[in-house]
Amino acid sequence: MPQLPHPGIGGLFPSPVPPGSGWPGDPADATTPVAKTAAQVRRLAGRAATMTELDAGISVCRACPRLVEWREEVAVAKRKSFADQPYWGRPATGFGAERPGIFIVGLAPAAHGANRTGRVFTGDRSGDFLFAALHRAGLANQAVCVDAADGMELIDTRMAAAVRCAPPANAPTPAERATCAPWLQAEWRLAGPSARVVIALGGFAWRAALELIGSDIKPAPKFGHGATAALTSAFGPVTLLGCFHPSQQNTFTGRLTPAMLDDIFVTARHLVAQAGGNEPDGP
């Protein structure tokens, strides 16, 4: 299998990247248990005691054959503009603070974004738009996200995708969503006690967040940009905040502007402060 240099650290890696081979931020190694069925996902997610253990299990998951085949096919075929780079080609873990005040939920990794870089929302236009706004709001230490070795850090914020593998046509099936859900549930179990705000990037993430938090409000709160829902999780009060997804379709057409995204993060910061959390320094 040919090996290519990582654009950030220069080491040589095959595509997809084997666990424990030195990729920046890789939480797994050759001994990490691999989930190959939905039942194994539930078992491994349920027993994860730390975020590091959870991330390791997520990063080697092979429970959805269609998604495994697709993510690895993309990692080998590559996009022409990234043909000189290795592709991560594995599931994307969550990223950011382990005890966040703000928890961001998206849909799934992009085929040539996180599936290439190994870090959620990194390496594509959506991530460029999102991280720049996080930086303006004082929730990230820098505005530019290039790869998993670029030094990006989130401040009092964690982000995760509801589905961890890049799906064909950006559309996971209902069965794939259900199989992957325990990973997000475990992440919430570990991060939820400190979270005061959940930001849902898009309608699917909104529905996933309602299920995650365990809302029994009827009728269910409706998604919209800037929509809020005051909910009660197993850990106490939490505000669900809706945001249009920073997809190119939304950002190029002006449906989501930088100012609109800035408003979401400023609102989230203020909600955290009102709930008794620590508001990060910044604007």
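Which residues have the most contacts inside the largest nonpolar core? They are F103, W183, W188, V198 and L240, in a core of 42 residues. Helices α1 (38-47), α2 (51-59), α6 and α7 (203-213) each supply at least two residues of this core, and so do strands β4, β6 (197-201), β7 (228-233) and β8 (236-243). The most comes from α7, with 8 residues. Another core lies apart from this one. That core has 30 residues, among them I104, L134, M152 and A268. The model described here is predicted.

## The sheet

Six strands form an open sheet with mixed pairing. Their order is β3-β5-β4-β6-β8-β7. The edge strands are β3 and β7, and each pairs on one side only.

Strand β5 covers residues 157-161. On one side, β5 pairs with β3 (residues 95-96) in the antiparallel sense, over 2 bridges. Here F95 is the bridge partner of M159, and G96 is the bridge partner of R158. Strand β5 also pairs with β4 (residues 102-106), in the parallel sense and over 5 bridges. One of the pairs there is I102 with T157.

In a regular strand, side chains alternate between the two faces of the sheet. In β5, T157, M159 and A161 point one way, while R158 and A160 point the other way. Both sets are buried. With 5 of its 5 residues buried, β5 is therefore largely enclosed by the rest of the structure.

## A buried charged pair

E187 is in helix α6. R164 is in the loop between β5 and α6. Are these two residues buried or exposed? E187 counts as buried because its relative accessibility is 0%. R164 counts as buried too, at 1%. Their side chains are joined by a polar contact of 2.7 Å.

The surroundings of each can be listed, leaving out residues up to four places away in sequence. E187 touches M51, L54 and I58. Its other contacts include F103, R158, M159, A160 and G192. R164 touches I58, P91, A92, T93, G94 and P109. C180, W183 and L184 are also among the contacts of R164.

F103 links this pair to the core described above. Among its contacts are E187 and R158. Others include L184, W188, V197, V198 and L212.

## Two helices

Helix α2 is mostly covered, with 7 of its 9 residues buried. The buried ones are M51, L54, D55, A56, G57, I58 and S59. They pack against α1, β5 and α6.

Helix α3 holds 13 residues, 65-77. At 1.5 Å a residue, α3 should span 18 Å, and its end C-alpha atoms are 18 Å apart, so the two values agree. Which residues of α3 are buried? They are L67, V68, R71, V74 and A75. These residues cover an arc of only 140 degrees around the axis, which puts them on the same side of α3. They pack against α4 (114-117) and α6 (174-191). On the other side of α3, P65, E69, V76 and A77 are exposed.

## Backbone exceptions

Most residues other than glycine have a negative phi, and most peptide bonds are trans. The table lists exceptions in this model.

| Site | Feature | Value |
|---|---|---|
| S15 and P16 | cis peptide bond | omega about -5 degrees |
| K218 and P219 | cis peptide bond | omega about -10 degrees |
| K78 | positive phi | near 65 degrees |
| A169 | positive phi | near 55 degrees |

Where do these sites fall? P16 is in the loop between β2 (12-13) and α1. P219 is in the loop between α7 and β7. K78 comes just after α3, in the loop between α3 and β3. A169 lies in the loop between β5 and α6, as R164 does.

The two residues with positive phi can be set side by side. K78 has a relative accessible area of 18%, under the 20% cut-off, so K78 is buried. A169 is exposed, with a relative accessible area of 76%.

Methods. Residues are numbered from 1 along each chain as its sequence is written. This is a predicted model: local features need pLDDT of at least 70, side-chain atom pairs count only at pLDDT 80 or more; totals for chains, interfaces and linings use all residues. Side-chain values use heavy atoms; hydrogens and water are left out. Helices (H or I, at least four residues) and strands (E, at least two) are DSSP runs, numbered from the N terminus. The expected span of a helix is 1.5 Å times one less than its number of residues. Buried means under 20% relative accessible area, exposed over 50%, partly exposed in between (1.4 Å probe, protein chains only). The arc is that of the directions from the helix axis to the C-beta atoms. Contact means heavy atoms within 4.5 Å. Two strands pair if DSSP finds at least two bridges between them. A nonpolar core is a set of buried Ala, Val, Leu, Ile, Met, Phe, Trp, Tyr and Cys residues joined through side-chain atoms within 4.5 Å. A polar contact is a pair of N or O atoms within 3.5 Å; within protein, one must be able to donate a hydrogen and the other to accept it, and residues adjacent in sequence count only if both atoms are side-chain atoms.
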